[in-house]
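Me: Could you take a close look at one part of this model for me, and then walk me outwards from there? I would enjoy one connected account.

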Amino acid sequence: MREKRWLAGVGLAATLAAVLMGSAGAPLAAQVRPPRRPTGAVTAPAGTTASDKGIWELVNYKQDLKLTDVFFASKITGWVTGEHGTLLKTTDGGDTWTAVLGGDPAAPEDPIERLKFIDATHGWAVKGRGNLLRTTDGENWEQIGKLGEQYGYFNDYAFFSDRVGVQIVKEHNELARTQDGGKTWKVVQGACEIDAEVDGLTRKLGCSLSSLVLLSASQGYAIGATKPGTHMVLFRTEDAGKTWTPQLVPDVASSQESYFWQGIAFVDANHGFAILDKRFLGTTDAGKTWHGVIGTVHGPLKFADPEVGWSFNGEQLTYTVDGGKRWTSTTFPFAGIVTAFSLPHRDVAYVVGDHGMIYRYSVVPAETVVPKALPAPAMPGMATALASDVAQLDGQFAALDGFVQSAPDAAGSAAGAGGDASTGGAVGAAGSSSGAGGDFSQSPPSAFVTGCCGKRLSALELVLKAVGGIVPDFISKYKNLNLLAQGLRTAAALPEMSDSLRTAFRSFRTAADRPAAASALSGLKNILGSLKAAVDTALQKRNSQPGGQ
């Protein structure tokens, strides 16, 4: 009910404000919160206000197992790995867990760990010494290949797509690549070496590589350090791992850095972070230069979207809500030490640890009482001006459908159902401004459309322009960084859908009669449905998640 009241209250005024201020001026208070599920629910926040709070609640697996990793593809669908060949799955946010593999503390099986997913169905995990497991449907798993060399030693792996992936082979600090989903691997970058200046002379130093991060279907980094030395090393690829270009970042590491883990995370092609043993670094120019960042980040760093990122080091959480400009730390009295965490969305997270420990983080109304829940900071909600504009269009198109169906087969004048002879000038004026939303004045409305629906055209065109203006900002702020392939698909689909919507609207404006208008309106509604689903997926609204995800 709260969402309905909010949408009704915003109306066209919010859209006009978005057009006048630009997408960056969309008020942060404009947020949507779906209705809350009963006890134990996962909800979207209304923002960091007094009416909301963050909580951690126990959703344990009821066996005495050490859990090694966790990955959620949506707010409620995720997997957890652990000792004794354990692989668990939930589709209700951890309220119930199903053992897909293992799950018995007495089973003589190697542990499973290192979960990686690119979308809700394609994922990988590692069992024992480098045995690579894969799922292509999110349900069934198979052993697909092996990471590392003879003894299965590797430092990290990641996938650009369901077939193309890369790994750091530990024995010789090489980079290897697969083109068949992980069945076979080929070394594409030999033993890690890099030229460096030592005592004024150029020397070729050995180096170790620790971690990988992938930015797109073609871009990625591997991070490491020289040995011995105080230099950070980056290897960058622009062709999905076929070739790698080394870069030396001198004198930022500790003298023994190559013996420690290094981490790397990027929020877009230019802005990223490096985690060293004693330093936390940032870049704003795609890794060309690095600067020190104030923040106590020592563990893996994960971003749900380009604004909200988390890092856990034991019980200590360090987080940012502004893309890494400022970092805040806090600790939680969990029942055990955190071994891994997943951040599928800015308002939902999961941590795992010993003895089957699983905690779920969510943002809930301040008055909500959850027994034994631990207090936590509330992450800010998403400003959803795009979602409200899409909802407005949905209502406008439904109203247009009634006008079109009740209009005469051919409306020769502006009179009729909803007609207004005075609207022609307003429509032309509204459509004549170019801008991000497109220009509608190139195709003036037909006599039929003016007669049936003229009063609504100006308002519709303003909303369509607002959608076109907000889409780029929406993508830049809320692209899914938890799932590479899914985030890339959404980022590519939204602008195309917005353009298609405006093109289809031009067809509606020029429809000569009722059948043509009805057909064009049907196409408009289909495109809007796809756009709404894409926006809902980006915001992870439950009603848009396939298969209940």
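Reply: His84 counts as partly exposed, with a relative accessibility of 24%. Its place is the loop between strand S3 (78-82) and strand S4 (86-90). Keep in mind that this is a predicted model. The backbone of His84 deserves a look: phi is positive, about 60 degrees, although His84 is not a glycine. As background, most residues other than glycine have a negative phi.

Glu83 lies in that loop between S3 and S4 too. At 31% relative accessibility, Glu83 counts as partly exposed. Leaving aside residues up to four places away in sequence, Glu83 touches Leu65, Lys66, Thr68 and Pro111. There is also a long step along the chain to follow here: Glu83 and Gly128 are 45 residues apart in sequence, and their C-alpha atoms are separated by 9.6 Å.

If you like the backbone of His84, try Ala240 next. Phi of Ala240 is near 60 degrees, again a positive value in a residue other than glycine. Ala240 sits in the loop between strand S17 (232-237) and strand S18 (245-249). With a relative accessible area of 11%, Ala240 is buried, whereas His84 is partly exposed.

Now let us step back to the whole chain. The protein chain has six helices and 30 strands. Of its 549 residues, 56% count as buried. Among the contacts in the chain with a separation of 6 or more, 57% are accounted for by residues 24 or more positions apart.

One buried residue to visit is Val363, in strand S29 (residues 358-365). The relative accessible area of Val363 is 0%, so Val363 is buried. Val363 and Pro380 are 17 residues apart in sequence, and their C-alpha atoms are 9.2 Å apart in space.

The aromatic side chains come next. Counting ring pairs whose centres lie within 6.5 Å, the total comes to 27 aromatic pairs. In the pair of Tyr221 and Phe266, the ring centres are 4.6 Å apart and the planes stand at 10 degrees, so the pair is stacked. This pair links distant parts of the chain: Tyr221 belongs to strand S16 (residues 220-227) and Phe266 to strand S19 (residues 263-266), 45 residues apart. Tyr221 and Phe266 are both buried.

Compare that with Phe312 and Phe334. Their ring centres are 6.3 Å apart and their planes are at 45 degrees, so this pair is tilted. Phe312 is in strand S24 (residues 309-313), while Phe334 is in the loop between strand S26 (328-331) and strand S27 (338-345); the two are 22 residues apart, and the pair links distant parts of the chain. Both Phe312 and Phe334 are buried. They also belong to one aromatic cluster, formed by Trp56, Trp310, Phe312, Phe332, Phe334, Phe341, Tyr359 and Tyr361.

Finally, turn to the helices. The axes of helix H4 (residues 447-478) and helix H5 (residues 484-509) come within 10 Å and cross at roughly 165 degrees. An angle over 145 degrees counts as roughly antiparallel, and H4 and H5 are therefore roughly antiparallel to each other. Their crossing is left-handed. H4 brings Val449, Cys453, Leu457, Leu460, Glu461, Leu464, Val467, Gly468, Val471, Phe474 and Ile475 to the contact, and H5 brings Ala491, Leu494, Pro495, Ser498, Leu501, Arg502, Phe505, Phe508 and Arg509. By class, 15 of the residues in the contact of H4 with H5 are nonpolar, two are polar and three are charged.

H4 has a contact with helix H6 (residues 514-539) as well. The axes of H4 and H6 come within 14 Å and cross at roughly 25 degrees. With angles under 35 degrees counted as roughly parallel, H4 and H6 are therefore roughly parallel to each other. The crossing of H4 and H6 is left-handed. Phe448, Val467 and Phe474 of H4 meet Arg514, Ala517, Leu531, Val535, Ala538 and Leu539 of H6. The contact of H4 with H6 has eight nonpolar residues, no polar residue and one charged residue. Two residues of H4 are worth finding on your screen: Val467 and Phe474 take part in the contact with H5 and also in the contact with H6.

Technical notes. Residues are numbered from 1 along each chain as its sequence is written. This is a predicted model: local features need pLDDT of at least 70, side-chain atom pairs count only at pLDDT 80 or more; totals for chains, interfaces and linings use all residues. Side-chain values use heavy atoms; hydrogens and water are left out. Axes are lines fitted to C-alpha atoms, for helices over the stretch in contact, and angles run from 0 to 180 degrees between N-to-C directions. Helices (H or I, at least four residues) and strands (E, at least two) are DSSP runs, numbered from the N terminus. Angles under 35 degrees count as roughly parallel, over 145 as roughly antiparallel, 65 to 115 as roughly perpendicular and the rest as oblique. A crossing is left-handed if the near helix is turned anticlockwise from the far one by less than a right angle, and right-handed if clockwise. Contact means heavy atoms within 4.5 Å. Ala, Val, Leu, Ile, Met, Phe, Trp, Tyr, Cys and Pro count as nonpolar, Asp, Glu, Lys and Arg as charged, and the others, Gly among them, as polar. Rings of Phe, Tyr and Trp (its six-membered ring) pair if their centres lie within 6.5 Å; planes under 30 degrees apart count as stacked, over 60 as edge-to-face and the rest as tilted. Buried means under 20% relative accessible area, exposed over 50%, partly exposed in between (1.4 Å probe, protein chains only).
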